[in-house]
Structures are given as C-alpha cells and as structure tokens.
Amino acid sequence: MAGETVITVVGNLTADPELRYTNNGVPVANFTIASTPRTFDRASGEWKDGEALFLRASVWREFAEHVAGSLTKGMRVIAQGRLSQRSYQDREGNQRTAIELEVDEIGPSLRFATAQVTRAASGGGRGGQQFGGGQPRQQVSEEPWATPGSAGADAWSTPGSFGDDTPF
C-alpha cells in the first residue's frame, strides 16, 4: 500500500515464536527481534555494541504456522515488513503507543549458519489464496519457471539432482 513504512530488520529472536489462534481459528505468531548495532572503535581497536532495538513482530495465517515451526529462540533472522503504530491505555490509565512490525517476509540469516529449505504443502490457513485478488495458488507444474514435463517434481526437494550441463 502506498505510504506505508517498509523496513528490513536483521537480528536475533529473543524467544520461540508464540503461535496462537483467534476465536475464528486464524493462526497468528508473535515474536520479538533484537537488533544490536556494532561499531568498530578505532581508538581501542575493539568492536562495541550499541543500544539494542527490541521490535515486536507478528505474522498471520499459514505463514504464522511456518514461522512457528521453523524459527527458534536465538536464531539470527532477516525480516521485512510494515511498521504499524497503535495506541492503548495501560492498567494505570496512562496512554501508551506501541510500534510493531507486520512481517511480510522472514527467514534465517546465513551469515553464521546454514539452513535446509523444505517447501510447504499448499492449502491450509489461507484457504489456498494468494495475497490480493483471491486467485488460487498455482501448482508447481504450472509455474512459468518450472522445467517442461516436470509435473510434480520439485527441484528444491531433491538437492544435487541437477546436471553439469549449461541450461541454456
């Protein structure tokens, strides 16, 4: 949407994502990303940690189940999403403001780790719907980048199944 504040945050999860369900059965996962800037102090020749930013984040529907099943406390992640601000009244009656990240994309950082990606089965929480438009998700065999005649084959699920021949 126009005018929304989109940011990318790199940091560590402070706890396992907390998966809950709304009264209507819609999954939502909430978690906090801690991002601490580091700067090199030339005078001392050491790296110094800055003040940490703790950013609450949330994901919804099937995406929430994927996050809760894939990410754990301490993992370094890269998250991109939209900042949202909401105001509320605390128990003492004071007016408060919270800034949260509505995550559009998230995954593990591979700077200091490795990861094995497994494609999730389609369907479920979103009712097989894509973002906007309400069109059904395309099957792997219908994807424009799929190899002709590879119906049902998923290159991501069979690592090392490629040849040394140049594909063009």
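Is Trp 47 buried or exposed? Trp 47 counts as exposed, at 51% relative accessibility. Buried here means under 20% relative accessible area, exposed over 50%, and partly exposed in between (1.4 Å probe, protein chains only). The legends below start with that residue and move through the rest of the structure. This is a predicted model, in which local features need pLDDT of at least 70 and side-chain atom pairs count only at pLDDT 80 or more, while totals for chains, interfaces and linings use all residues. Residues are numbered from 1 along each chain as its sequence is written, and side-chain values use heavy atoms, with hydrogens and water left out.

**View 1. Phe 40 and Trp 47 meet edge-to-face.**
A search of the whole structure turns up 1 aromatic pair. The ring centres of Phe 40 and Trp 47 are 5.4 Å apart and their planes stand at 65 degrees, so this pair is edge-to-face. (Rings of Phe, Tyr and Trp, its six-membered ring, pair if their centres lie within 6.5 Å; planes under 30 degrees apart are stacked, over 60 edge-to-face, the rest tilted.) Trp 47 is the exposed partner we began with. Phe 40 is partly exposed, at a relative accessible area of 43%.

**View 2. The protein chain holds 1 helix and 8 strands.**
Following the chain from its N terminus, you meet the elements in the order β-β-β-β-β-β-α-β-β. (Helices, H or I of at least four residues, and strands, E of at least two, are DSSP runs numbered from the N terminus.) The chain has 168 residues, and 20% of them are buried. Take the contacts between residues at least 6 apart in sequence: 56% of these join residues at least 24 apart. (Contact means heavy atoms within 4.5 Å.)

**View 3. Strand S6 has bridges to both S3 and S8.**
Strand S3 covers residues 27-35 and strand S6 covers residues 53-60; they run antiparallel, joined by 8 bridges. Look for Phe 31, which stands opposite Ala 57 in S6. With S8, S6 pairs in the parallel sense, over 3 bridges. (Two strands pair if DSSP finds at least two bridges between them.) On that side, Arg 56 has Glu 100 in S8 as its bridge partner.

**View 4. Thr 32 is a buried residue of strand S3.**
The relative accessibility of Thr 32 is 12%, which is why this residue counts as buried. Which residues does Thr 32 touch, not counting those up to four places away in sequence? Thr 32 touches Asn 12, Leu 13 and Thr 14, and also Phe 54, Leu 55 and Arg 56. You may recognise Arg 56 from the previous view, where its bridge partner was Glu 100.

**View 5. Helix H1 packs its buried residues against four named strands: S2, S3, S6 and S8.**
Helix H1 spans residues 61-70, and its buried residues are Glu 62, Ala 64 and Val 67. Among the strands they pack against is S2, which covers residues 18-21. Strands S3 and S6, which we met joined by 8 bridges, also take part in this packing.

**View 6. Arg 82 and Glu 102 form a salt bridge.**
A search of the whole structure finds 7 salt bridges. (In a salt bridge, a side-chain nitrogen of Lys or Arg lies within 4 Å of a carboxyl oxygen of Asp or Glu.) In this one, the closest N and O atoms of Arg 82 and Glu 102 are 3.2 Å apart. Arg 82 lies in strand S7 (residues 76-89) and Glu 102 in strand S8 (residues 95-108), so the pair ties together parts 20 residues apart in sequence. Both ends are partly exposed: Arg 82 at 22% relative accessibility and Glu 102 at 31%.

**View 7. Arg 86 and Glu 100 form another salt bridge.**
Here the closest N and O atoms are 3.0 Å apart. The pair links distant parts of the chain, with Arg 86 in strand S7 and Glu 100 in strand S8, 14 residues apart. Arg 86 is partly exposed, at a relative accessible area of 41%. Glu 100 is partly exposed as well, at 23%.

**View 8. Arg 96 forms a salt bridge with Asp 90.**
Their closest N and O atoms are 3.1 Å apart. Arg 96 is partly exposed, at 41% relative accessible area, whereas Asp 90 is buried, at 16%. Elsewhere, salt bridges that share partners join Glu 4, Arg 82, Glu 102 and Asp 104 into one network.
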